[in-house]
Amino acid sequence: MTLPLALAPALDEALRTGELGRFTDAVPRDRRDRVDVLQTVYDLHTAPLAVLGERARHQHHPAVSALKNRLEAEWLAELPDVPEEFADEPDVVTALRAMATVDRLPRTYHWLADEASWDELVRFLAMEGGPDAGFDDLVAACQVGLYGSAKLELAQNYWDEMGNGDLDRVHTVLHDRLVAAIGMPRLSRAELPLEALERTALGGLLATNRWLQPEMIGALGMIELQAGPRCRKVVQGLERLGAPAAAYPFYTEHAEVDPRHGKDWVEKAVVPLVAEHPSWQQRILRGAWWRLELSLRFFSAAEELLLREASHAA
């Protein structure tokens with residue numbers, strides 16, 4: 001059935017009351033409503049329990065599971081295939097490194113470094129959410145069931161996210177300080193472009209489907225491979241605009257460590273996994289391409305939105 005209003009808020013309310021039976025065959029109003037529904041479901045798996053409250057008990061309710069599976073099947077069928085130039089490359093390292101050069105520095109980041117006003121820079125960073133929003137939890141989920149070199153590499157990556165045991169250097173803490181330093185608004189999902197929601201929801205898709213672990217390894221690796229140069233451009237923009245000192249550590253840290261993370265992720269996690277499971281190569285490449293494509297769609301949508309807002313303001 002198709003509900004007359006958006007499905008996502010109705011589902012959220014039903015999670016509070018437990019009246020979920022009618023959602024087994026429910027149909028979202030549109031593409032945005034679909035990703036909102038999936039994000040609502042992914043929250044049941046990944047959001048803090050203190051935030052979810054009693055809604056968390058419905059994580060595996062049959063109606064919720066049926067809705068999740070059906071909407072994810074639709075989305076998976078729409079996600080892009082890996083181009084032949086990468087899919088046909090016999091060496092996974094060469095393929096991933098070549099893939100990572102595709103629009104490694106979108107025009108948006110040159111604009112941030114050289115032209116954006118203070119308000120525009122803050123607005124974009126609020127939409128972007130950092131180069132790896134929620135990365136620590138995603139890495140933690142991704143390492144389940146791995147062993148050997150791959151397990152160690154993901155553990156080291158996670159420990160770096162945790163500031164190597166120093167609370168002041170934990171990446172989420174650094175991001176919170178960035179937010180406070182520049183007065184960054186915490187945008188609700190309703191304020192974000194659809195492409196931003198889908199970019200974030202990819203993490204939920206991969207983290208809540210055990211069978212997509214190879215794709216998740218590829219997607220997280222692509223984040224690490226591409227983040228460094230983009231973060232350097234953000235730092236340049238902050239410097240040009242005279243940002244306060246507390247604004248720099250988050251992006252400076254990523255600019256410095258992500259290139260090493262990307263190299264180690266490929267060599268110490270991807271290579272041994274593909275050596276042991278050759279069929280994973282195409283799946284790892286597929287996950288990497290999904291992340292790359294959804295990111296590029298986001299950058300295009302963010303640029304269009306910022307230009308439209310600037311024109312309206314003028």
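Where is the place of Asn164? Keep that question in hand; Exercise 1 answers it after a word on the model.

This is a predicted model, in which local features need pLDDT of at least 70, side-chain atom pairs count only at pLDDT 80 or more, and totals for chains, interfaces and linings use all residues. Residues are numbered from 1 along each chain as its sequence is written, and side-chain values use heavy atoms, with hydrogens and water left out.

**Exercise 1. Locate Asn164 and Asp103, and describe their backbone and exposure.**

Step 1: place. Asn164 sits in the loop between helix H10 (148-161) and helix H11 (171-182). Asp103 belongs to the loop between helix H6 (92-100) and helix H7 (107-114). Helices here are DSSP runs (H or I, at least four residues), strands are runs of E of at least two, and both are numbered from the N terminus.

Step 2: backbone. Most residues other than glycine have a negative phi. Asn164 has a phi near 50°, a positive value in a residue other than glycine. For Asp103, phi is also positive, near 50°.

Step 3: exposure. Buried means under 20% relative accessible area, exposed means over 50%, and partly exposed lies in between (1.4 Å probe, protein chains only). Asn164 has 35% relative accessibility, so it counts as partly exposed. Asp103, at 44%, is partly exposed too.

**Exercise 2. Describe the overall build of the protein chain.**

Step 1: count elements. The secondary structure comes to 15 helices and 0 strands.

Step 2: check compactness. The radius of gyration is 20 Å, close to the 20 Å that the globule rule gives for 314 residues, so the chain is as compact as a globular protein of that length. The radius is taken over C-alpha atoms, and the rule is 2.2 Å times the number of residues to the power 0.38.

Step 3: add extent and burial. The C-alpha trace spans about 55 × 55 × 40 Å along its principal axes. Of the 314 residues, 52% count as buried.

Step 4: look at surface and contacts. The chain exposes about 14,200 Å², with carbon and sulfur atoms supplying 54% of it; these areas come from the Shrake-Rupley method with a 1.4 Å probe, and for residues only the protein chains shown count as cover. Among contacts (heavy atoms within 4.5 Å) between residues at least 6 apart in sequence, 80% join residues at least 24 apart.

**Exercise 3. Which residues does Leu296 touch, and which are in contact with Thr108?**

Step 1: start from helix H15 (residues 280-313), where Leu296 is found. Not counting residues up to four places away in sequence, Leu296 touches Val102, Asp103 and Pro106. Asp103 is the loop residue with positive phi from Exercise 1.

Step 2: move to helix H7, which holds Thr108. With 3% relative accessibility, Thr108 counts as buried. Leaving aside neighbours within four places in sequence, Thr108 is in contact with Phe124, Phe299 and Glu303.

Step 3: return to helix H15 for Glu309. Glu309 is partly exposed, with a relative accessible area of 32%. The C-alpha atoms of Glu309 and Arg297 are 18 Å apart, with their places 12 residues apart along the chain.

**Exercise 4. Is Phe23 buried or exposed, and how does Pro272 fare?**

Step 1: Phe23 lies in the loop between helix H1 (7-17) and helix H2 (31-46). Its relative accessible area is 1%, so Phe23 is buried.

Step 2: Pro272 is placed in helix H14 (residues 249-276). At 28% relative accessible area, Pro272 is partly exposed. Leaving aside neighbours within four places in sequence, Pro272 contacts Ser149 and Glu267.

**Exercise 5. What lines the second largest pocket?**

Step 1: set the terms. On a 1 Å grid over the protein atoms alone, a pocket is an open set of points where a 1.4 Å probe fits, with protein on both sides within 12 Å along at least five of seven lines; lining residues have an atom within 4 Å of a point.

Step 2: list the lining. Ala141, Cys142, Val144, Leu206, Ala207, Thr208, Asn209, Arg210, Gln213 and Met216 line this pocket.

Step 3: trace the elements. Helix H9 (135-142), helix H12 (194-207) and helix H13 (213-240) each supply at least two lining residues.
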